[in-house]
Amino acid sequence: MSEFTVIETRKLREVRKGATRKHIINVTVRNEFGVLARIATLIAGKGYNIESLSVGETHEKGISRMTIEIIGDDIVIDQVVKQLRKLIDTIKVRDLTDIPHVERELVLIKVHTPTARARDEVLRITEIFRGKVVDVSQETYTVEVTGDEDKIRAIVELLKPFGIKEMARTGKIAMKRELGWEENPQD
Amino acid sequence: MSRKGADIVIETLIEEGVEYIFGLPGGAIMEVYDALYRVGGIKHILARHEQGAGHMAEGYAKATGKVGVAMVTSGPGATNLVTPIADAYMDSVPTVFITGQVPLHLIGNDAFQEVDIIGITRPITKHSFLVKRVEDLPYVIRQAFHIARTGRPGPVVIDLPKDITQQLSDVSIPSKEEAISSLIGYKPHLTGNPQQIKKAVKLITEAKKPVLYVGGGAVNAEAQDELLELAELMRIPVTTTTQGKGAFPEDHPLSLRMLGMHGTYYANMAVYNCDLLIAVGARFDDRVTGKVEEFAPNAKIIHIDIDPASISKNIIVDVPIVGDVKIVLNKILEEIKKKGAKILHEREREEWLEQINKWKKMYPLTYKNSDKVIKPQYVIEQIYEVTRGEAILSAGVGQHQMWTAMFYKFSFPRQFINSGGLGTMGFGLPAGIGAKVGRPDIPVFVVDGDGSFMMTMQEVVTAVHYKIPVKVAIINNGYLGMVRQWQELFYEKRYSEVDLSIQPDFVKLAEACGAVGFRAEKPSEVREILEEAMRIEDRPVIMDFHVDREENVFPMVPAGKSYKDMILEDGKSPDVETMYLVG
Ligand SMILES: Cc1ncc(C[n+]2csc(CCOP(=O)(O)OP(=O)(O)O)c2C)c(N)n1
């Protein structure tokens, strides 16, 4: 059959596929009943996991802000963003991934510190990371650190050999930088 | 004045202009039913099953453009509404679904007849509300109607805890503006970006082989006049989806009829070969595009849609225009007129129309009629003739739905009421009833499959109860026909669980329900029955047409395949040499 020879001379429509990577999305919402469930349902409906999520009130009454981290295909995430905008209770949705922004996360790590040496070491590491020891027992130190993803990953790696008994993270919060091009010395 | 929450519900519905509610009462919603009885002002159609009520509300909305309202009790009443809610979501039908709920203090306790209907329907609603304070009632109801009918329309659920409907309040009914002022994040974008409109006009004037691809969004926006003007002014052929039918008259010389899986040969060929595709309120559904890579492969695409999330979802487009279809088309027309824009390639444009006419002549929609056995297509053609093409048709889902789409020529918007996105068997009869309630001035035919009909046939009794003279034509092939067709074509005729030859006597069934029943087994009986049915105005008619059992729907583009794999009648492939234009 000549059927396919005809086809081959024709251009095919390109099916665009985006890169898969981590996205960080800020969502400002009216703090109404069920709004979190709605957002979670929408993201789950696309088959994605939420990597981290943080929610809190803003300075305006009844308005909350969420930061959502998801790993996914750029094009599907673009869809997610558009659909989030469509929700009645969302006010502003912004994918910060490619926009200069500040990211912070707070983590609490309970480390096994039975010996004086372990306590000294952990304290020293904590100081280097500008963290604090916020709880002490005979067996443990609980360390609080704030930072971006790399910093948190680094301290977790350094503390692991001592034995981490418990760890809790707040999930990231993020904010667009006003002067996008300027390196922030505090980073 | 202090009155019960339930009274506030009815008052606000009246303020919103609601004329009909379709529903069925129960414990949790009884206060509202009591208020309906006491306050009056709204007519209620008591369906025999909540699914029926939901589809009636949809049919009413699809036929009139007004918001359809269904009201049910909590628990099983609410879960019976899930299918209509999903259906309304998929086809963007403006609807408000009111569900009773257990009293607030019992929510979450697995109380009697409690389900989390808000949770269950979250992914299939445009929005939903659980009312927690009696004072919120009029605000919530007004917001629900606003959300349901504006932007891309859709279903909104209002869940009413029983105690809220019992509490007293003297809250007054706010104005629309006041009620919606707190929806600060909801502002549908209407006007279309002027830059994009200029680009679109440029592409339209430069194109040699343009096609307009029109979906339900054009019907929702009531853009038929603008569409006709644009098509005629710029000489652009028009194809529509199942939901877009009637937005452009199918008896117009520029009409290509329907595209997609069961589209016409010429519509699909035109889309395959065009160099500019103008999508208007359509969403590139997979039943339309087939294999995406080979959908309009050489065309630039303009996409006009009210819903930004619909744009570049399935196919990346060149000129996206977010806005109300009617407003945007008007701006495009204005721009064309202001600039005195002309078709640049007159000669190529005329050749394109000639080519399309050749395709139309080569493979028109046809079937082989018979004088021994009733062909389903013949029944549809006869319905077209006895109604002079002026009836509203609603359909179930399956072969009969596609034959209706093919062999009835639709000429005005809201004329073909069917379940496109969800493909809900059982939609046809209740939706037809809702349509007739909304448009008593126009005859309404329900074209149903024997399988589809049996899914909601209890609503015949509802039509008898309210003397709603819908005319139901059952295209009875004794099969789940569309599934059988796929088994024939793609599963070597292994007819797994599709035989419906054990079925009720539909004539006796009609009579038992208080309707009129007719049966036709020979082609010569078809016309007479239809004419008789047209004369009955005081109750529903059920016509049982025993048709050729193994007739197939062609043309057909198998799922996920390209238009080039189209199967014409008798399983023939089209002559490949004729399918493509060079260059
Ligand atoms: C509620 C529901 N269940 C199952 C299907 C799958 N389905 C699609 S078409 C079809 C057969 C429809 O049979 P019938 O109503 O007799 O119409 P016909 O195709 O014979 O015209 C089925 C089972 C569906 N669309 N909806």
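**Domain contact and a pocket in a predicted model**

Glu222(B) and Arg414(B) form a salt bridge, with the closest N and O atoms 3.5 Å apart. This is a predicted model: local features need pLDDT of at least 70, side-chain atom pairs count only at pLDDT 80 or more, and totals for chains, interfaces and linings use all residues. Side-chain values use heavy atoms, without hydrogens and water.

User: How many salt bridges does the rule find across the interface of domain 2 and domain 3 of chain B?
Analyst: The rule wants a side-chain nitrogen of Lys or Arg within 4 Å of a carboxyl oxygen of Asp or Glu. Glu222(B) and Arg414(B) form a salt bridge at 3.5 Å. Across this interface the count is one.

User: What area is buried between domain 2 and domain 3 of chain B?
Analyst: Domain 2 spans 194–362 and domain 3 spans 376–546, with bounds from an automatic or database domain assignment. Buried area is the accessible area (1.4 Å probe) that two parts lose on being put together, summed over both. Carbon and sulfur atoms give 55% of it. The total is about 1,500 Å².

User: Which residues in domain 2 of chain B lose the most area to domain 3 of chain B?
Analyst: Three residues together account for 33% of what the domain 2 side buries. They are Lys245(B), Arg257(B) and His262(B).

User: Which residues lining the second largest pocket are closest to its centre?
Analyst: The lining has 40 residues. Helix H3 (74–86) of chain A is among the elements giving two or more of them. Closest to the centre are Lys82(A), Gln83(A), Lys86(A), Asp307(B) and Ala309(B).

Note on methods
Residues are numbered from 1 along each chain as its sequence is written. Chains are lettered from A and ligands numbered from 1 in the order in which they are written. On a 1 Å grid over the protein atoms alone, a cavity is a set of points where a 1.4 Å probe fits but cannot get out, and a pocket is an open set with protein on both sides within 12 Å along at least five of seven lines; lining residues have an atom within 4 Å of a point. Helices (H or I, at least four residues) and strands (E, at least two) are DSSP runs, numbered from the N terminus.
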